[in-house]
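Colleague: Before any bench work is planned, I should like to discuss this structure with you. May I put some questions about its rings, its sheet and its helices?

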Amino acid sequence: MEQVRLGATGTRVSRICLGMMSYGDPSSRAWMLDEDAAEPIVRRAMEAGVTFYDTANVYAQGVSEQITGSLLRKLFAQRDDYVLATKVCLPMGEGPNDRGLSRKHVMASIDASLRRLGTDYVDLYQIHRWDYETPIEETMEALHDVVKSGKARYIGGSSMWAWQFAKAQHVAELRGWTKFVTMQNHYNLIYREEEREMIPLCVDQGVGLIPWSPLARGMLAGNRDRGGERKTVRSQNDAYGDSLYTDDDFDIVDVVREIAGERGVTPAQVALAWLLGKPGMTAPIVGATKLTHIEDAIAAERLELDEKEVTRLEAPYRPHPVRGHR
């Protein structure tokens, strides 16, 4: 698999990032896989050249980080062979300081994540959302100190307004602190609102895009149909996904299926190939609970769509309310 620069940094990552949110405690969420069930999938990703892995402290309340660390230590010969990302912000407990981007929570969270991951550092430490209660100066200084302490190599942002991201970068530059090198935003064929402001900003500033939900919570891969039919355990238990997309979006899904049929590939491969061809794209974050999900991602990295196919895919798009920032 091709290895590309992580944004404008010198670190290189695979063009596909394996999202580790699906690995945790099946008793808490029916679609999650435990470590034994996840291992063949992560092993196949490693064998195919996937070197980039993304998790978060909030995924299964830390269990995902534990599984991620355990599997990567088992499958890779040495720590430098893979790039590991995790996140901080969302609630990890009931206490008033168990969430957000205060200095107190950031510093406690990086140490807790490193313990669960079983490593001395993460390559990319990301804020999971914007914290409206903490001054951005406090957050950026804390993240800078995390980097300078050697506990993270780089920092990244996630879904927020473009003005917020620009403000954070400006504060960091003004103070001589570490700036964000990546943006993990909500972006796929069905939801393209990020093309209005955030993506042009990132392309201009050399910030790498590592979008979440590249298959629209599986909708572009065929896990649900018009009228509400759900075909997978995940789609049957995904109220958040239901809030992001509507039946009108199936006009795009229909075109994806048409082109997939003409090409003799799966719809997931077409949707991912479209995303991989967009400006500023470093690596979409692909979740996988079956080996076929990994195979689709591997194949998509090699699939090139022509201009006519891209035009057909983009033609049915309808503007959406901004979704995914909270």
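Colleague: Which residues form one aromatic cluster with Phe76?

Modeller: This is a predicted model, in which local features need pLDDT of at least 70, side-chain atom pairs count only at pLDDT 80 or more, and totals for chains, interfaces and linings use all residues. Residues are numbered from 1 along each chain as its sequence is written, and side-chain values use heavy atoms, with hydrogens and water left out. Rings of Phe, Tyr and Trp (its six-membered ring) pair if their centres lie within 6.5 Å; planes under 30 degrees apart are stacked, over 60 edge-to-face and the rest tilted. Phe76 shares one aromatic cluster with Tyr53 and Tyr82.

Colleague: How many aromatic pairs are there by this rule, and why is the pair of Phe76 and Tyr82 called tilted?

Modeller: The count comes to 5 aromatic pairs. For Phe76 and Tyr82 the ring centres are 5.1 Å apart and the planes stand at 50°, so the pair is tilted.

Colleague: Are Phe76 and Tyr82 buried or exposed?

Modeller: Buried means under 20% relative accessible area, exposed over 50% and partly exposed in between, with a 1.4 Å probe and protein chains only. By that criterion Phe76 and Tyr82 are both buried.

Colleague: How many residues apart in sequence are the parts that Tyr187 and Trp274 tie together?

Modeller: Tyr187 and Trp274 form a tilted aromatic pair, at 5.7 Å centre to centre and 55° between the planes. Helices (H or I, at least four residues) and strands (E, at least two) are DSSP runs, numbered from the N terminus. Tyr187 lies in the loop between strand 8 (180-184) and helix 6 (198-205), and Trp274 in helix 10 (residues 267-276), so the parts tied together are 87 residues apart in sequence.

Colleague: Which strands stand at the edges of the sheet?

Modeller: Two strands pair if DSSP finds at least two bridges between them. The open sheet has 8 strands in the order 9-8-7-6-5-4-3-10, with parallel pairing. Each edge strand has a single partner, so one side is left without a neighbour in the sheet; these are strand 9 (208-209) and strand 10 (285-287).

Colleague: Which residue in strand 10 stands opposite Leu18?

Modeller: Strand 3 (residues 17-19) pairs with strand 10 in the parallel sense over 3 bridges. The residue in strand 10 opposite Leu18 is Val286.

Colleague: Over which ring does the charged end of Arg79 sit?

Modeller: A charge sits over a ring if NZ of Lys or CZ of Arg is within 6 Å of the ring centre and within 35 degrees of the ring normal. The charged end of Arg79 is 4.2 Å from the centre of the ring concerned, that of Tyr121.
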